[in-house]
Amino acid sequence: MKDLDTELWKLGVLSKTKHNEVAPCQHEMAPVYTDANSSCDQNQLTMEMMKKVAERHDLVCLLHEKPFAGVNGSGKHDNWSLATDSGKNLFKPGKTPSQNAQFLLFLAAFLKGVDEYQDFLRATVAFPGNDLRLGAQEAPPAILSVFLGDDLQAVVDSIIHGTPHTDAGKRTLRIGVDVLPNIPQDNTDRNRTSPMAFTGNKFEFRALGSSQSISGPNIALNTIMAEELEQFADELEGSKDFQADLAALIRRVLTEHQRIIFNGNGYTEDWIAEAEKRGLCNFPSTAEALPAYIAQKNVDLFVKHGIYTPDEVQARYEIHAENYAAVTSIEAKTMADMIRRQILPAVSAFGAELCERMGKKQQMNLSCGYETETAKAVSALTEELYAACGQLEADIAAIPADATEAMGYCHKNLVPGMAKARKAADELEALLPKEAWPFPVYGDILFY
């Protein structure tokens with residue numbers, strides 16, 4: 001990690017934080033914040049240097065979002081905020097009434113934008129590896145919501161309901177007049193179940209995959225905010241009573257879009273049911289999420305602001321769809337090759353060895369319970385794995401040529417097919433002695 005820092009500093013990437021993470025052999029690094037364009041470039045350089053430096057130390061850097069089943073995966077936390085050209089953070093609550101009003105207006109715009117374009121934000125983090133990570137262990141669920149924390153939630157509630165805010169002496173919060181309570185830099189519970197958390201003066205988009213570019217999510221966030229702020233400006237610029245109209249706008253927007261706020265545990269089944277009741281989008285897979293890329297309202301958003309043309313939006317969608325099919329099919333082909341050429345021969349040989357031992361023991365009238373039961377289990381699982389591999393190979397051969405059709409086909413056929421084969425292979429790995437398994441066993445990969 002020290003070597004990585006040095007190499008990144010040479011490139012002007014200010015790598016700072018580094019520590020061990022939850023999973024075995026998992027580490028985290030974080031650069032010092034900068035403008036969005038530079039951050040995107042630096043993030044790409046960082047991924048490249050991680051791999052190069054790892055090889056220098058006879059290691060391999062895995063950027064796969066979920067390399068090991070049942071163990072924490074890897075992602076990125078995109079800390080996003082807005083600032084003026086003089087460096088003033090527009091998401092900092094501030095200590096004066098005018099700053100409070102500005103903060104609340106930008107907060108309202110953000111909540112409205114995430115609510116209205118939650119489907120597109122989900123699509124920006126759609127990737128095969130991320131499908132395996134979202135909602136598992138440390139990662140947020142695929143349902144977009146915003147975590148505000150107790151302090152800011154109390155302020156929002158007081159505005160929506162017009163009730164006294166209890167933090168500063170039982171008073172009703174009047175936008176642009178009273179001063180907000182002090183909002184801690186980070187009052188979250190750090191459980192990582194929220195995809196979008198407010199952390200003092202920024203929002204932390206936690207659903208990005210570790211191997212993905214951060215450009216797509218940031219383009220989406222910037223464009224969404226441009227749209228919402230333009231709508232607010234159109235409404236307020238002709239105001240006769242600015243303070244009253246500002247307060248009314250903030251209250252109306254917070255009320256209309258409060259469904260996107262969720263401060264609870266995103267992993268529970270209760271939240272999935274509650275999100276459905278609220279009408280929030282739930283796209284567990286890339287194949288389900290990516291069509292939002294070309295939903296008309298989303299195309300109109302980017303065309304209106306001159307970010308993309310309709311053809312460019314369509315092209316990006318098709319590239320993402322084709323990439324999903326390509327990555328998934330490569331994984332499936334690799335799995336089939338491993339099963340056919342390495343796992344099946346190994347388990348077959350071990351099964352034959354068990355039968356040979358069993359026969360010799362029976363000739364000597366010795367008990368052979370282990371050999372008999374294990375041979376039966378190995379034989380049954382070998383047949384199950386053989387059949388799953390054959391079906392997987394047949395499915396691979398039938399992938400459609402069209403990118404959209406291929407994406408849906410791979411999700412429907414290859415993903416469950418790989419899971420079925422994986423289940424049988426994992427059970428066989430647990431039955432075979434370590435030296436008989438053709439790959440490093442799970443324990444060795446994780447702990448040595």
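## Helix H1 and its surroundings

Asp-5 has a relative accessibility of 3% and therefore counts as buried, a value that, like every other in this report, comes from a predicted model. Asp-5 is one of the buried residues of H1, which are Leu-4, Asp-5, Glu-7 and Leu-8, and these buried residues pack against S1, S2 and H2. After H1 comes Gly-12, a residue whose phi is positive, near 85°.

The side chain of Asp-5 meets that of Lys-18 in a salt bridge, with 2.5 Å from N to O. Because Asp-5 belongs to helix H1 (residues 2–10) and Lys-18 to strand S1 (residues 15–20), the pair ties together parts that are 13 residues apart in sequence. The two partners differ in their cover, since Asp-5 is buried at 3% relative accessibility, whereas Lys-18 is partly exposed, with a relative accessible area of 39%.

## The protein as a whole

The protein contains 15 helices and eight strands, and its C-alpha trace spans about 100 × 50 × 45 Å along the principal axes. Of its 448 residues, 44% are buried, and the accessible surface comes to about 22300 Å², with 54% of that surface belonging to carbon and sulfur atoms.

Among the contacts with a separation of 6 or more, 70% are between residues that lie 24 or more positions apart. One pair with a long separation in sequence is Glu-435 and Arg-341, which are 94 residues apart along the chain and 17 Å apart in space, C-alpha to C-alpha. Glu-435 is found in the loop between helix H14 (403–431) and helix H15 (442–447), and with a relative accessibility of 70% this residue counts as exposed.

## Other salt bridges

A search of the whole structure finds 25 salt bridges, and two further examples show how the surroundings of such pairs can be described. In one of them the side chains of Glu-204 and Arg-206 meet, at 3.6 Å from N to O. Glu-204 counts as buried at 5% relative accessibility, and Arg-206 counts as buried too, at 2%; the limit that matters here is a relative accessible area under 20%.

In another salt bridge the side chains of Lys-277 and Glu-274 meet, at 4.0 Å from N to O. Lys-277 and Glu-274 are separated by about one helical turn, because they stand three residues apart in helix H9 (residues 269–278). Lys-277 is exposed, with a relative accessible area of 69%, while Glu-274, at 27% relative accessibility, counts as partly exposed. Elsewhere, Asp-3, Glu-7, Lys-10 and Arg-56 are joined into one network by salt bridges that share partners.

## Two pairs of crossing helices

Helix H7 (residues 215–236) packs with helix H11 (residues 296–304) at an angle of about 80°, and the axes of the two are 10 Å apart. This angle makes H7 roughly perpendicular to H11. On the side of H7 the contact is made by Ile-219, Ala-220, Thr-223, Ile-224, Glu-227 and Glu-230, and on the side of H11 by Leu-301, Phe-302 and Lys-304.

A second pair is formed by helix H6 (residues 150–161) and helix H8 (residues 242–256), whose axes come within 9 Å and cross at roughly 110°. H6 and H8 are therefore roughly perpendicular to each other. Here the residues in contact are Val-156, Ile-159, Ile-160 and His-161 from H6, together with Ile-250, Arg-251, Leu-254 and Thr-255 from H8.

## A nonpolar patch on the surface

Trp-9, Leu-14, Val-32 and Tyr-33 make a nonpolar surface patch of about 500 Å². Val-32, one of these residues, is placed in the loop between strand S2 (27–31) and helix H2 (36–56). Val-32 is partly exposed, with a relative accessible area of 35%, and a residue can belong to such a patch because its relative accessible area is over 30%.

Methods. Residues are numbered from 1 along each chain as its sequence is written. Side-chain values use heavy atoms; hydrogens and water are left out. Patches are made of residues with over 30% relative accessible area and no salt bridge: like charges are joined within 9 Å, nonpolar side chains (Val, Leu, Ile, Met, Phe, Trp, Tyr) within 5 Å. Accessible areas come from the Shrake-Rupley method with a 1.4 Å probe; for residues, only the protein chains shown count as cover. Helices (H or I, at least four residues) and strands (E, at least two) are DSSP runs, numbered from the N terminus. Buried means under 20% relative accessible area, exposed over 50%, partly exposed in between (1.4 Å probe, protein chains only). Axes are lines fitted to C-alpha atoms, for helices over the stretch in contact, and angles run from 0 to 180 degrees between N-to-C directions. Angles under 35 degrees count as roughly parallel, over 145 as roughly antiparallel, 65 to 115 as roughly perpendicular and the rest as oblique. Contact means heavy atoms within 4.5 Å.
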